[in-house]
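Q: Could you take me through one part of this protein slowly, as if I were new to reading structures? I would like a close look at the aromatic rings and what surrounds them.

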Amino acid sequence: MQTIKQEVMWAKFVANKFLRKVLGSNNIVADFPSSSETMFEPEESSGASSSGQASRISSGKHIADDQGKHKIFVGSWNVGGVAPPDDLNMEDWLCTHTDPADIYVLGFQEVVPLNAGNIVLGFENRKICCRWNSLIREALNNSISKPVHEEDKVGESYKGSVSVRFCLHETSFCFVCSHLASGGKEGDENNRNSNAAEILSRTRFSRGPLRNLPLKILDHDQVIWLGDLNYRIYLPHTTTRSLVQKKEWNTLLERDQLKVELMEGHVFQGWREGMIEFAPTYKYYQNSQVYYGCDKKRKGEKKRAPAWCDRIIWFGEGLKQKEYSRGESRLSDHRPVRAIFVSEIEAPSNSRRLGRFNCLKDHLEECFNEKIPCNVRTSFYSE
């Protein structure tokens, strides 16, 4: 009983402190991170200096210096179950030295080999995952004096997808990373369409203590979908290889499955994709620039036509794509893709901010009145 009393008193104390901050008091600046305007809390900065970026975002101005706009880097890579070497150069893909971004969202597929143990039984090679995390963290922190923000909330993931969301000021973001059904036979695109529809319908987030965040993917203001979507090209293998060799991208894209299915309204209605001006990202021999099945010295191999399997698309208003390209790492049979967006963020007004904290106050008072232990302390920034 004593523990419950202390937790309830803490909830009322926090509510009062939040209200004092909303009404203009500076008495609690030292109690919470300066980036409290964002709806997530960075777990670690890995030694990077975070004071400059944090103060810029939450210095009392409406938002970032450039009229509420933020640069978002989105990258996707099917690494084919290949463990990265310690000296893997991530700069070719991340471009941290030449064009750094404010927010980085990276999605991987096949981090571990696709075998029965990993797929059915759920075994995971944590050493490989940790190595990827280490390489990414090092690439970002060595080039940019900004904190690395971990994902806020992960929704339920179904048929190979992970959905992540957060709020920045008054704008809600959702990022979906997926690996859709494979297969190059006629009709396999229907399986991919079905995968996408199921991800959209079944992924659901929790509301959290603020109770005003979206529950579904498409309810967010700005949504970006990345991954190995596996869509192929509606052409015979020999024709596809010939057009790829001639770099006739426009002719190939006219028969690209994703673009055709999208235009006909079979999948991703209302979504957009930038112009593709790069070579198909799949399928290469490992450590080679040669597409699989195109090496005449290797006989008896299964034919695989090149395709733009790896894609980045978006939904919602306020996103403008500035770049859509690919990296050239030969680590796996896929090439990584990247897109850079400029996102227009809605700045918070004092009235909307007060309403948001009043909602939190109501939740805390409910805990107090009903003498329910309040566990929302860890959720102020993560929801």
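A: Here is a walk through the aromatic rings, beginning with the whole protein and then moving to single pairs.

Keep in mind that this is a predicted model. The protein has 10 helices and nine strands, and buried residues account for 50% of its 383 residues. Its accessible surface is about 19300 Å², and carbon and sulfur atoms contribute 49% of that.

Now to the rings. A pair of aromatic rings is described by how far apart the centres are and by the angle of the planes. This structure holds 17 aromatic pairs. One of them joins Trp93 and Phe108, with 5.6 Å from centre to centre and 80° between the planes. Planes over 60 degrees apart count as edge-to-face, so the pair of Trp93 and Phe108 gets that label. Where do these two residues sit in the fold? Trp93 belongs to helix H3 (residues 91-94), while Phe108 belongs to strand S2 (residues 103-109), so their pair ties together parts that are 15 residues apart in sequence. Is Trp93 buried or exposed? Its relative accessible area is 2%, and because buried means under 20%, Trp93 counts as buried.

The same two residues also take part in a group: Trp77, Trp93, Phe108 and Trp132 form one aromatic cluster.

Let us follow Phe108 into its strand, S2. That strand is part of an open sheet of four strands in the order S2-S1-S9-S8, with mixed pairing. S2 and strand S8 (319-326) are the edge strands, each pairing on one side only. From one strand to the next, the twist averages 15°. Strand S1 (residues 69-78) runs parallel to S2, and seven bridges join the two. On these strands, Asn78 stands opposite Gln109 in S2.

For a second pair, look at Tyr285 and Tyr292. Their centres are 5.2 Å apart and their planes make an angle of 40°, a tilted arrangement. The two partners differ in how covered they are: Tyr285 is buried at 5% relative accessibility, whereas Tyr292 is partly exposed at 22%.

Tyr292 has a charged neighbour too. Lys283 lies over the face of Tyr292, 5.0 Å from the ring centre. Another such arrangement involves Arg335, which lies over the face of Tyr284 at 3.8 Å from the ring centre.

Methods:
Residues numbered from 1 in each chain as written. Predicted model: local features only at pLDDT ≥ 70, side-chain atom pairs only at ≥ 80, totals over all residues. Heavy atoms only, no water. Phe/Tyr/Trp six-rings, centres within 6.5 Å; stacked < 30°, edge-to-face > 60°. Buried < 20%, exposed > 50% of the residue type's maximum accessible area, 1.4 Å probe, protein only. Lys NZ or Arg CZ within 6 Å of the ring centre and 35° of its normal. Areas by Shrake-Rupley, 256 points an atom, 1.4 Å probe, with all protein chains shown as cover. Pairing = 2+ DSSP bridges. Axes fitted to C-alpha atoms, helices over the stretch in contact; angles between N-to-C directions.
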